[in-house]
Amino acid sequence: MAIKFLREYETKAHPPEVFTAGQLVKDRDEASERHFVLRRIAAYDDGKGNLTDIDGNPVEYFEDADAKEAKPAKGKAAPAAVMTGGNQ
C-alpha cells in the first residue's frame, strides 16, 4: 500500500532521505510504512485519495502550506496521540 506524507520529514539515516508534505510513496516495505504512519508523519493512501491512520480511521490532509498538522475526519474522535489544536 502507498503512504502519503503529511508533513516534511528528513530521516536520520546516512545519507538522509527527505520527504515532502503531500509526497506519495509506493516503494517502501510494510515495516517502513508502518513506522511513518505510527508516528503520524504519513498516512496510508488507498489509491482513491482516501487517507487512513494506523487503525483505519480517516485522516484529512490539507495541501495548504499554512496547515500545521493532519486532522481526523469530521465526526471521528482524534486518537490520543493526535493533537487537533483546539475546537474547529
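Helices here are DSSP runs of at least four residues and strands are runs of at least two, both numbered from the N terminus.

**View 1. The whole chain, with 1 helix and 8 strands.** What you're looking at is a predicted model. Walk along the sequence and you meet β-β-β-β-α-β-β-β-β. The protein has 88 residues, and 32% of them count as buried. Take the contacts with a sequence separation of 6 or more: 35% of them link residues 24 or more positions apart.

**View 2. Helix H1 and its two faces, one buried and one exposed.** H1 runs over residues 30–38, and its buried residues are Ser32, Glu33, Phe36 and Val37. These four sit on the same side of H1, because they span an arc of only 130° around the axis. As a reminder, an α-helix has 3.6 residues a turn, so residues three or four places apart point the same way. What does the buried side of H1 pack against? Its partners are strands E1 (2–5), E2 (9–10), E3 (18–19) and E5 (42–45). Flip to the face turned away from the buried side and you find the exposed residues Glu30 and Ala31.

**View 3. The two ends of H1, with Asp29 at the start and Arg40 after the helix.** At the start, a side-chain oxygen of Asp29 comes to within 3.1 Å of the backbone nitrogen of Ala31. Past the other end, Arg40 sits in the loop between H1 and E5. Arg40 isn't a glycine, yet its phi is positive, at about 60°. Its relative accessible area is 22%, so Arg40 is partly exposed; buried would mean under 20%.

**View 4. Glu33, a buried charge without a salt bridge.** Glu33 belongs to helix H1. Which side chain of opposite charge is nearest to Glu33? That would be Arg28, 7.3 Å away, whereas a salt bridge needs a nitrogen–oxygen pair within 4 Å. Leaving out neighbours within four places in sequence, Glu33 is in contact with Met1, Ala2, Ile3, Arg28 and Tyr44.

**View 5. The largest nonpolar core, and a second one.** The largest core has 10 residues: Ile3, Phe5, Tyr9, Phe19, Val25, Phe36, Val37, Ile41, Ala42 and Tyr44. E1, H1 and E5 each chip in at least two of them. A second core is separate from this one and has 5 residues, among them Ala43, Leu51, Val59 and Tyr61. Zoom in on Tyr44, a member of the largest core. Setting aside neighbours within four places in sequence, the contacts of Tyr44 include Met1, Ala2 and Ile3, then Glu33, Arg34 and Val37 in the helix stretch, and also Asn50, Leu51, Thr52, Asp53 and Ile54.

**View 6. Arg7 in the loop between E1 and E2.** Is Arg7 buried or partly exposed? Arg7 counts as partly exposed, because its relative accessibility is 38%. Thr20 is 13 residues away from Arg7 in sequence, but their C-alpha atoms are 6.4 Å apart in space. Not counting residues up to four places away, Arg7 touches Phe19, Thr20, Ala21, Arg40 and Ile41. You've already met Arg40 as the residue with positive phi that follows H1.

**View 7. A cis peptide bond between His14 and Pro15.** Omega for this bond is about -5°. Pro15 lies in the loop between E2 and E3.

Note on methods:
Residues are numbered from 1 along each chain as its sequence is written. This is a predicted model: local features need pLDDT of at least 70, side-chain atom pairs count only at pLDDT 80 or more; totals for chains, interfaces and linings use all residues. Side-chain values use heavy atoms; hydrogens and water are left out. Buried means under 20% relative accessible area, exposed over 50%, partly exposed in between (1.4 Å probe, protein chains only). The arc is that of the directions from the helix axis to the C-beta atoms. Contact means heavy atoms within 4.5 Å. A polar contact is a pair of N or O atoms within 3.5 Å; within protein, one must be able to donate a hydrogen and the other to accept it, and residues adjacent in sequence count only if both atoms are side-chain atoms. A nonpolar core is a set of buried Ala, Val, Leu, Ile, Met, Phe, Trp, Tyr and Cys residues joined through side-chain atoms within 4.5 Å. Lys and Arg count as positive and Asp and Glu as negative; His and the chain ends are not counted.
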